[in-house]
Amino acid sequence: MTSPILRIEDVHKSYGALQVLKGVSLTVQPREVVVLVGPSGSGKSTLLRCINLLNPPTKGRIWLEDQEITAPGVNQDRVRQRIGMVFQEFNLFTHLTALGNVMIGLVKVRKMRKNEARDLAMFELERVGLADRAHYYPAQLSGGQKQRVAIARALGMDPHIMLFDEPTSALDPELTGEVLAVMQKLASEGMTMIVVSHEIGFARQVADRIVFMEGGVVVEEGTPQQMFEQPVHERTRAFLRNITR
Amino acid sequence: MELLQDLLTTFNFIVQGLWVTVSVTAVALTVGLAIGLVMAVARVYGHPALQLAASAYSVVVRAAPVIVIIFILFFVISRYVNLPPFWAGALALGFASGAYQTEIFRGALQAVQPGQMIAARAIGMSRLQAIQSIVLPQALRLALPAWGNEATLVLKDSTLVFAVGVPEVLRRAQQVSARTFEPFLAFGVALLLYLALTLITTQALRWLERRYRLQI
């Protein structure tokens, strides 16, 4: 048994009186693809933001590989470099081209030389099939293309794990396929991924494990087969029946 | 023929102040830009104490008539440090413009989508790096139209340094008019010079705006 890449232990997150996460524990193995599902407000996105410390947990501990990243004194910027994040709204840097979006982290954070950074950025754009759009600005790209650039930008930092926060929810239906295809390719290359998504086809085909959250806790988890065919909890059953219908 | 001769002498005398007007304006805008950027970042991203200091500066300076700030620098501060009239005037204008520029850049910083900062942090940038490389470049573009307006206002406010004897366009116009008793000619020439400067400034800034427009 290999050691887990990510270990979340009893994580709580509150905003004032509002408790969003009420004790979530989750362990992710290297190369594993975990799909997080659950009704809106169940805490899925908050959990992702806790993992990369954009919103650190109010209680509980998280380990990334051998390091406890919630420990005091940890360099959070360094931690985030190892965790790629893809957002529902893409959040591409609007003043930079596709290439510039991928390059800037390489130059500013990984301190690479411009030429080196350009080559690697082009390589990452090729990986998501967008080398021919390198010099386009975000406003000139379709939603699907923007999201693929965002994936390339995250990949450029050479992350050990990738978090996807509803990566296809802001896309027109005919554009989700190209993004899911890139994610599927990443999974097959062995990238460890946690994906918040209601794309059932993707979950069935690509996920190693599906985690169902509701009300700030993990209700049930299992393989896609278990979860879709014989979920233990009535709430899981009801939710999955709703989104697969 | 005599009129043309008068016009030429008047123009030749006043136009020597053009460079002073341009210099005062350029110094004031540059000083104001530096102050405005620092204060705006302090206002939006600073520690609460820093935010308070920055907004206090902005409120107090915007409440003070610019001429009062010029007099303070010229009559009070210059008692302690050697400040020639040109620098007292230009720095006072810059100090005043800094307050308005603070507001311009504060608005622009706040208009940048919050997702930009979040995405920058997510790839491992520090807060400062994210402000420098992602938020500020976008905010500067958003600020350009309002900043261009401020530039034309400072250009016109540069006439105020006349009060401390800086030989800029207006002061020279006044000198000519006192000598020739032709105020219409003198101030007419001054007016035309300001018009020309304003047109050049606005055109240059419009070009910048087009060149760096953000597509959203």
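Colleague: How many residue pairs are in polar contact across the interface of chain B and chain A?

Modeller: Seven, with both residues of each pair at pLDDT 80 or more. A polar contact here is a pair of N or O atoms within 3.5 Å; within protein, one must be able to donate a hydrogen and the other to accept it, and residues adjacent in sequence count only if both atoms are side-chain atoms. Keep in mind that this is a predicted model, where local features need pLDDT of at least 70, side-chain atom pairs count only at pLDDT 80 or more, and totals for chains, interfaces and linings use all residues. Residues are numbered from 1 along each chain as its sequence is written, chains are lettered from A and ligands numbered from 1 in the order in which they are written, and side-chain values use heavy atoms, with hydrogens and water left out.

Colleague: Which helices of chain B supply the side that touches chain A?

Modeller: α6 (114-122) and α7 (127-157) of chain B each give at least two residues. The largest share, seven residues, is from α6(B). Helices (H or I, at least four residues) and strands (E, at least two) are DSSP runs, numbered from the N terminus.

Colleague: And how many residues of each chain are in contact?

Modeller: 20 residues of chain B with 24 of chain A, contact being heavy atoms within 4.5 Å. About 1,900 Å² is buried between the two chains, and carbon and sulfur atoms give 61% of that. Buried area means the accessible area (1.4 Å probe) that two parts lose on being put together, summed over both.

Colleague: What about a salt bridge between the chains, which side chains meet there?

Modeller: A:Asp77 and B:Arg121, at 3.2 Å from N to O. The count between chain B and chain A is one. The rule is a side-chain nitrogen of Lys or Arg within 4 Å of a carboxyl oxygen of Asp or Glu.

Colleague: What else does A:Asp77 form a salt bridge with?

Modeller: A:Arg80, again with the closest N and O atoms 3.2 Å apart. Those two are three residues apart in helix α2 of chain A, so about one helical turn separates them. Both A:Arg80 and A:Asp77 are buried, meaning under 20% relative accessible area, with exposed over 50% and partly exposed in between (1.4 Å probe, protein chains only).

Colleague: Back to α7 of chain B for a sec. What does B:Gln129 touch?

Modeller: Leaving out residues up to four places away in sequence, A:Lys108, A:Val109, A:Lys111, B:Gly124 and B:Ile134. B:Gln129 counts as buried, at 18% relative accessibility.

Colleague: Away from the interface, which parts does the B:Arg43 and B:Glu103 pair tie together?

Modeller: B:Arg43 is in helix α2 (residues 18-45) of chain B and B:Glu103 in helix α5 (residues 85-111), so the pair links parts 60 residues apart in sequence. B:Arg43 and B:Glu103 also belong to a salt-bridge network with B:Arg62 and B:Arg106.

Colleague: New topic: which residues of helix α9 in chain A are buried?

Modeller: A:Thr236, A:Phe239 and A:Leu240, in α9 (residues 234-244). They sit on the same side of α9(A), because they cover an arc of only 90° around the axis; the arc is that of the directions from the helix axis to the C-beta atoms.

Colleague: What covers them?

Modeller: The cover includes β3 (33-37), β9 (209-214), β10 (217-222) and α8 (224-229) of chain A. A:Leu240 has a relative accessible area of 4%. Beyond its neighbours within four places in sequence, A:Leu240 is in contact with A:Val37, A:Met227 and A:Phe228.
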